[in-house]
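Please open the structure in your viewer and keep the selection tool at hand, since this tour moves from one selection to the next.

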Amino acid sequence: MDFSELEKDNTGRCRLSSPVPAVCIEEPCVLGVDEAGRGPVLGPMVYAICYCPQSRLADLEALKVADSKTLSESERERLFAKMEEDRDFVGWALDVLSPNLISTSMLGRVKYNLNSLSHDTATGLIQYALDQGVKVTQVFVDTVGLPEIYQKRLQHRFPEITVTVKAKADALYPVVSAASICAKVARDQAVKSWQFVEKLQDLDADYGSGYPNDPKTKAWLRKHVEPVFGFPQLVRFSWRTAQAILEKEAEGVTWEDSAAEEQEGHRRITSYFRSEGPRARAPHRYFQERGLESATAL
């Protein structure tokens with residue numbers, strides 16, 4: 001996989017894909033969707049699709065694809081290489097979502113939670129396959145959230161396709177297993193080849209599994225937190241594990257546009273101009289609606 005685009009700018013997202021096999025344009029195809037890296041506090045989340053003609057599903061099964069979580073790294077890489085060799089009937093595409101994109105989406109003024117981001121990314125990849133001319137007739141998806149709701153949403157979006165959304169789909173359907181392998185191999189490679197733009201002292205890549213409960217990952221986060229600027233872009237700063245370390249190790253910040261009640265110990269600016277005595281009468285509704293008060297001193 002060529003990650004040169006991600007290495008140039010790892011603040012957003014990038015899409016990678018294989019050439020579309022000619023047979024996938026000519027014959028009805030089945031497509032699987034899965035992801036890797038949903039839970040870690042470090043690194044990107046990768047969504048992947050894999051597709052092949054229905055007439056060649058037996059050939060895909062013959063590769064012995066399986067849920068990527070049950071395979072070793074070397075087994076995953078071997079199976080992905082085999083799929084690359086069989087690109088005359090197997091195709092794939094993936095979206096790499098950077099930690100920065102995930103965190104800014106989740107913490108923005110308009111919240112964009114991880115489930116919604118996941119659903120939209122999967123939908124975008126299915127549409128991408130269709131736009132490339134793949135003759136998709138069946139889609140199998142490993143669920144995020146309630147499978148019934150997710151399936152209904154996808155079925156409404158793609159009414160001409162038969163959609164099946166199930167928990168553990170990566171262990172039930174070979175085409176989803178293949179997508180799982182593509183996603184996991186891509187995430188592993190993206191993390192290993194991550195380009196740190198930050199100039200941190202003693203920066204190392206020994207950060208363990210990247211999952212929040214990994215002691216080695218927690219130690220790496222504590223070591224590389226910067227008191228003012230926070231974490232390198234490899235870190236999902238919206239994760240509670242990262243936030244807890246920031247609250248303990250980094251400097252506190254007061255934002256000028258934060259609500260007054262969120263700034264404990266800080267008085268509202270209007271309090272400096274408020275009369276100490278009782279009001280003779282209530283202010284006009286015009287001033288009440290706009291939060292305006294009379295300034296009695298400067």
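Which strand and helices each supply at least two residues of the lining of the second largest pocket? In this predicted model, select strand 2 (29-36), helix 4 (73-85) and helix 9 (174-192), because each of them supplies at least two residues of that lining. Helix 9 gives the largest share, with six residues.

Now add A36, G37, K184, R187 and Y211 to the selection, which are the residues of the 30-residue lining that lie nearest the centre of the second largest pocket. The space in this pocket comes to about 530 Å³, and if you colour its lining by class you will find nine nonpolar, eight polar and 13 charged residues.

Next, turn to the aromatic rings, of which the structure holds four pairs. Select F196 and W220, a tilted pair whose centres lie 6.4 Å apart, with 45° between the planes. This pair links distant parts of the chain, since F196 sits in the loop between helix 9 and helix 10 (215-223) while W220 belongs to helix 10, 24 residues apart. F196 is partly exposed, with a relative accessible area of 21%, whereas W220 counts as buried at 2%.

Then add Y207, whose ring centre is 5.4 Å from that of W220, with the planes at 85°, so the pair is edge-to-face. Y207 lies in the loop between helix 9 and helix 10, 13 residues from W220, and both Y207 and W220 are buried. With F196, Y207 and W220 shown together, you can follow the ring pairs that link them into a cluster.

Finally, show the whole chain, which has 12 helices and six strands, and in which 43% of the 298 residues count as buried.

Conventions
Residues numbered from 1 in each chain as written. Predicted model: local features only at pLDDT ≥ 70, side-chain atom pairs only at ≥ 80, totals over all residues. Heavy atoms only, no water. Helix = DSSP H or I, 4+ residues; strand = E, 2+ residues; numbered from the N terminus. Buried < 20%, exposed > 50% of the residue type's maximum accessible area, 1.4 Å probe, protein only. 1 Å grid on protein atoms, 1.4 Å probe; cavity = no way out; pocket = protein on both sides within 12 Å on 5 of 7 lines; lining within 4 Å. Points joined across faces, edges and corners; volume = space filled by probe spheres on them. Nonpolar A, V, L, I, M, F, W, Y, C, P; charged D, E, K, R; others polar. Phe/Tyr/Trp six-rings, centres within 6.5 Å; stacked < 30°, edge-to-face > 60°.
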